[in-house]
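Reader: I should like to request a close look at a single part of this structure. Please begin with one residue and then explain, step by step, how its surroundings are put together.

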Amino acid sequence: MYVEPADAPKRKPVTVPGLRAMKARREKIAMLTCYDASFAAQMEAAGIDVALVGDSLGMVVQGQASTLPVTLDQMVYHVSLVARGLATTLLIADLPFMQFRDPATALAAAMRLMAEGGAAMVKLEGGSDWTCEVIAALASRDVPVCAHLGLTPQSVHKLGGYRMQGKTEDAAARLRAEARAVAHAGAELLVLESVPAALAGDITRDLPIPTIGIGAGADCDGQVLVSYDMLGITPGRRPKFSKDFLEGRGSVREAFAAYAEDVRAGRFPGPEQIAA
């Protein structure tokens, strides 16, 4: 159970409608991935707006080569851990590979992530017609949905690797159309991963729902990073769009707070984190 530190900032819970209100007020949204109760408590104390239990746990926690092996049972377990460390930070959970292949499967998975795990929103990848059908089915049953476009890690084999998307005129047009489609289907939030900054900015200005960038420039309505990347503890080379916020600071909580401050002030991502 979360125990609030004496010096923790006082704030109201972050809500799904509150995210759209933040976009309207041009307040940047600070999101980080999270996989356990201890990190969740530090994010809560640091004032992080949104904690995402990503299927990235397959790579950074389990040591897998991709996100594909992560199961629904594993996601429910990690979501329940994170939920115990939060009080006001909004909790989003990924729907793992093939757990949103049709509306019935997605509804059953979302029920577990929300009822058993404690998530307030579920996230799924892609913007095709069938994905939008799933989004509409979830939204019609009052399940808040975060869409995810651009580099979609569950499609790594089809994409041929972890590469920037939307670089050609046709690819950019397709991403713009998919962004409109997921918003029209009922998505409340959109993650844009590894897309050109100018394209992400265009999509952000075009949509009524907030966008969250990761490797997508500074013009999105918010930013998300894998927490292990921004703490400099992920094995191997850190993604170019990330930054080690723990360097020069004395604690994980200070690193999380510095990240949130830089996102809100528009200092992150800076030029060195934005691809040409």
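Author: The residue chosen as a starting point is Pro269, which is placed in the segment after H11. The model is a predicted one. The peptide bond that leads from Phe268 to Pro269 is cis, and its omega is near 0°. As a general background, most peptide bonds are trans, and most residues other than glycine have a negative phi. A second backbone feature can be set beside that statement: Arg26 is not a glycine, yet its phi is positive, at about 60°. Arg26 belongs to the loop between H1 and S1.

The next step is the barrel. Eight strands close into it, in the order S1-S2-S3-S4-S5-S6-S7-S8, and their pairing is parallel. From one strand to the next, the twist averages 25°. Helix H11, residues 252-265, packs on the sheet, where it touches strand S1 (29-33) and strand S8 (222-225). The direction of H11 makes about 140° with that of S1. One pairing within the barrel may serve as an example: strand S4 (residues 121-125) and strand S5 (residues 145-150) run parallel and are joined by four bridges. Leu124 has Ala147 of S5 as its bridge partner.

The packing of helices on one another comes next. Two packed helices are described by the angle between their axes and the distance between the axes. Helix H4 (residues 72-84) and helix H5 (residues 103-116) have axes that come within 9 Å and cross at roughly 25°. That angle makes H4 roughly parallel to H5, since an angle under 35 degrees counts as such. The crossing of H4 and H5 is right-handed. On the side of H4, the contact is formed by Leu72, Asp73, Met75, Val76, Val79 and Ser80, and on the side of H5 by Ala109, Arg112, Leu113 and Glu116. By class, the contact of H4 with H5 contains six nonpolar residues, one polar and three charged.

Helix H6 (residues 129-140) packs with H8 at an angle of about 25°, the axes being 8 Å apart. H6 is therefore roughly parallel to H8. H6 passes H8 in a right-handed crossing. Cys132, Ile135, Ala136 and Ala139 of H6 make the contact with Ala181, Val182 and Ala185 of H8. The residues of this contact of H6 with H8 comprise seven nonpolar, no polar and no charged.

H8, residues 169-185, also packs with helix H9, residues 197-206, at an angle of about 25°, and the two axes are 10 Å apart. H8 and H9 are therefore roughly parallel to each other, and their crossing is right-handed. Here Ala172, Leu175, Arg176, Ala179 and Arg180 of H8 meet Leu199, Asp202, Ile203 and Asp206 of H9. The contact of H8 with H9 has five nonpolar residues, no polar ones and four charged.

The final topic is the pairing of charges. Side chains of opposite charge can pair when their charged atoms come close. The count of salt bridges comes to 14. One salt bridge joins the side chains of Asp49 and Arg11, with 3.5 Å from N to O. Asp49 is in the loop between helix H2 (37-46) and strand S2 (50-53), while Arg11 is in the segment before helix H1 (16-24), so the pair ties together parts that lie 38 residues apart in sequence.

Definitions and conventions. Residues numbered from 1 in each chain as written. Predicted model: local features only at pLDDT ≥ 70, side-chain atom pairs only at ≥ 80, totals over all residues. Heavy atoms only, no water. Pairing = 2+ DSSP bridges. Helix = DSSP H or I, 4+ residues; strand = E, 2+ residues; numbered from the N terminus. Axes fitted to C-alpha atoms, helices over the stretch in contact; angles between N-to-C directions. Contact = heavy atoms within 4.5 Å. Parallel < 35°, antiparallel > 145°, perpendicular 65-115°, else oblique. Left-handed = near helix turned anticlockwise from the far one by under 90°. Nonpolar A, V, L, I, M, F, W, Y, C, P; charged D, E, K, R; others polar. Salt bridge = Lys/Arg side-chain N within 4 Å of Asp/Glu carboxyl O.
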